[in-house]
Amino acid sequence: MNISKNQIVKALEEVIYFPKHDNIINLKMVQDIKIEGNKIRVSIVFPSPDEPAVNIVSESARKAIETSLEGKVEVEIETLSEKDAGRDALSGIKHIIAVASGKGGVGKSTIAANLAVALGKQGFKTGLLDADIYGPSQPTMFGLEGQRPDATEIEGKTKVLPFEKHGIKLMSIGFFVSPEQGLVWRGPMASKALEQLFSDVYWGELDYMVIDMPPGTGDIHLTIAQNYPITGALIVTTPQKVALADVSKAATTFRQEKIYIPVLGMVENMSYFTPAELPENRYYIFGKSYSENFAKKLNIPFLGQIPVVQGISESGDVGEPVAMNPDSIEGKAFGELADNIIKGISVLKN
Ligand SMILES: Nc1ncnc2c1ncn2[C@@H]1O[C@H](COP(=O)(O)OP(=O)(O)O)[C@@H](O)[C@H]1O
Ligand SMILES: [Mg+2]
C-alpha cells in the first residue's frame with residue numbers, strides 16, 4: 001500500500017489538543033512523520049511530558065491514522081517534551097527579569113544594562129535581551145553599534161549567537177533592524193520579530209536573563225508575558241509625579257489575571273544628584289521618599305535608588321556601563337539593586 005504523508009496529516013487534523021482547543025497540526029505539535037511500508041511513526045511535541053493530554057492525544061492520533069487507513073497499518077506514536085524537541089529556547093535560563101517602565105526616557109535601558117553587568121560581576125551567568133523594538137539602545141550602550149551577530153548550526157537548526165561583552169551575553173532587536181523600521185512596526189509584525197529574537201538565539205545556560213522591554217504597556221507586553229516564562233517584572237520610574245502615575249498602569253498590566261507576572265519591585269532612577277567632587281553629598285531634587293511611599297501604596301517592593309550622575313549618561317554613549325566599576329557611587333547603587341532583585345526572586349520561589 002502506498003501511504004502519503006498528506007493522508008497522515010489529514011488524519012491528524014482531526015486530533016484536538018484540548019488545552020488549546022485546536023488540532024495538533026494547526027498547533028504545530030507534530031514534529032515528524034515517518035512512513036516505511038505499512039509502518040508509520042509520528043512524533044508529537046507536548047508542552048509538558050507528564051500532562052494528562054499526552055496519553056489521550058497520543059491514543060486519538062493512533063486511532064485517527066488507523067481509521068483513515070482502514071487499520072492496515074502499524075502506528076507508533078512518540079511523544080516529546082518541548083525541551084527534548086529543542087523548541088524551548090529559554091529552557092536553560094533560570095530566572096528572567098523583565099525591565100519595564102510606564103513611559104520612555106526614564107532610564108529603563110540604562111538600568112537593564114547596568115543590572116545585567118552587575119549580576120555578571122557577581123559571578124552569575126547573565127544575558128541581556130533588548131526587546132525594545134521601538135528604540136533599541138543596547139548596541140550603543142555596549143559599543144556594538146552597526147555590528148551583525150554570527151549564526152551557527154545547532155542540532156540541525158540555525159541559531160543566532162549572542163555577543164559576549166563586559167561579562168554578559170547580549171542580543172538586541174537593534175542588530176537586525178534600523179530604528180526607522182522599528183517605529184513603523186505594527187502589532188503582528190513586531191510580535192513576529194520578537195518571537196524570533198526569543199526562539200532563534202542560542203543562549204545556553206544562564207542564571208539570569210534581563211529583558212529591556214519596550215516602554216509603556218501594549219500588545220507586545222502581552223505577547224511576551226503570555227509566551228515566555230518571565231520570573232518577574234522590575235518597573236523603572238523617576239521621582240516626578242507624572243512618571244509615577246504610569247507605574248501603577250504598568251503594575252496593573254502585569255498583574256492582570258490572564259498574563260500574571262509578579263512585580264518584583266520598583267527602582268527609582270535619577271533619585272538624587274551627587275557631584276563627583278562631593279561624593280558624600282546627596283541632593284534629592286524631587287524629594288527623598290516620594291516614590292518609596294508611592295510604592296508602598298501600590299504594594300510594590302521598593303528596590304533601590306539610582307543617582308543622577310553624568311558618568312552614567314557618558315558611559316552609555318561610549319559603550320562602557322558604569323556597573324563595570326562596582327566601587328564607584330553609581331556602581332554600588334547597581335550592585336545593591338542586583339542584590340535586592342536576587343533576594344526578591346528567592347522570596348517569590350518560596
Ligand atoms: N541615572 C542617570 N544619570 C544620568 N543620566 C541618565 C541616568 N539614567 C539615564 N540617563 C540618561 O537618560 C537618557 C535616557 O535613558 P535611557 O536608559 O535610554 O531611557 P529609556 O530606556 O527609559 O528610554 C540617556 O541618555 C541616559 O544616558
Ligand atoms: Mg530604552
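Q: Is Ser81 buried or exposed in this predicted model?
A: Ser81 is found in strand S5, which comprises residues 74–81. A residue counts as buried when its relative accessible area is under 20%. The relative accessible area of Ser81 is 7%, and therefore Ser81 is buried.

Q: Which residues does Ser81 touch, not counting those up to four places away in sequence?
A: Contact means heavy atoms within 4.5 Å. With residues up to four places away in sequence left aside, the residues that Ser81 touches are Val45, Phe46 and Pro49.

Q: What percentage of the residues of the protein count as buried?
A: Ser81 is itself buried. The protein has 350 residues. The share of them that count as buried is 49%.

Q: Which residues come nearest to ligand 1?
A: There are 14 residues around ligand 1. Those that come nearest are Gly105, Lys108, Ser109, Thr110 and Pro307.

Q: Which residue has a side-chain N or O atom 2.9 Å from a nitrogen atom of ligand 1?
A: The side chains of Ser109 and Ser313 must be set aside, as each is paired with an oxygen atom of ligand 1: a polar side-chain atom of Ser109 lies at 2.8 Å, and an N or O atom in the side chain of Ser313 is at 3.2 Å. The nitrogen atom of ligand 1 has its partner, at 2.9 Å, in the side chain of Asn269.

Q: How much of the area that ligand 1 exposes when taken alone does the protein bury?
A: Polar side-chain atoms approach ligand 1, including one of Ser109 at 2.8 Å from an oxygen atom. Taken alone, ligand 1 exposes 560 Å². The part of this that the protein buries is 76%.

Q: Which element supplies the largest share of the shell around ligand 1?
A: Helix H3 (108–121), strand S14 (263–273), strand S15 (302–308) and helix H10 (310–318) each supply at least two residues of the shell. The largest share is 3 residues, and it comes from H3.

Q: What percentage of the contacts with a separation of 6 or more is accounted for by residues 24 or more positions apart?
A: The protein has 11 helices and 15 strands. Among its contacts with a separation of 6 or more, the share that joins residues 24 or more positions apart is 73%.

Q: How far apart are the mean positions of the positive and negative charges of the protein?
A: The protein carries 35 positive and 43 negative charges. The C-alpha trace spans about 85 × 40 × 40 Å along its principal axes. The mean positions of the two sets of charges are apart by 3 Å.

Key:
Residues numbered from 1 in each chain as written. Chains lettered and ligands numbered in written order. Predicted model: local features only at pLDDT ≥ 70, side-chain atom pairs only at ≥ 80, totals over all residues. Heavy atoms only, no water. Helix = DSSP H or I, 4+ residues; strand = E, 2+ residues; numbered from the N terminus. Buried < 20%, exposed > 50% of the residue type's maximum accessible area, 1.4 Å probe, protein only. Lys, Arg positive; Asp, Glu negative; His and termini not counted. Charge placed at Lys NZ, Arg CZ, Asp CG, Glu CD. Near = heavy atom within 4 Å. Polar contact = N/O pair within 3.5 Å; in protein donor to acceptor, adjacent residues only side chain to side chain. Areas by Shrake-Rupley, 256 points an atom, 1.4 Å probe, with all protein chains shown as cover.
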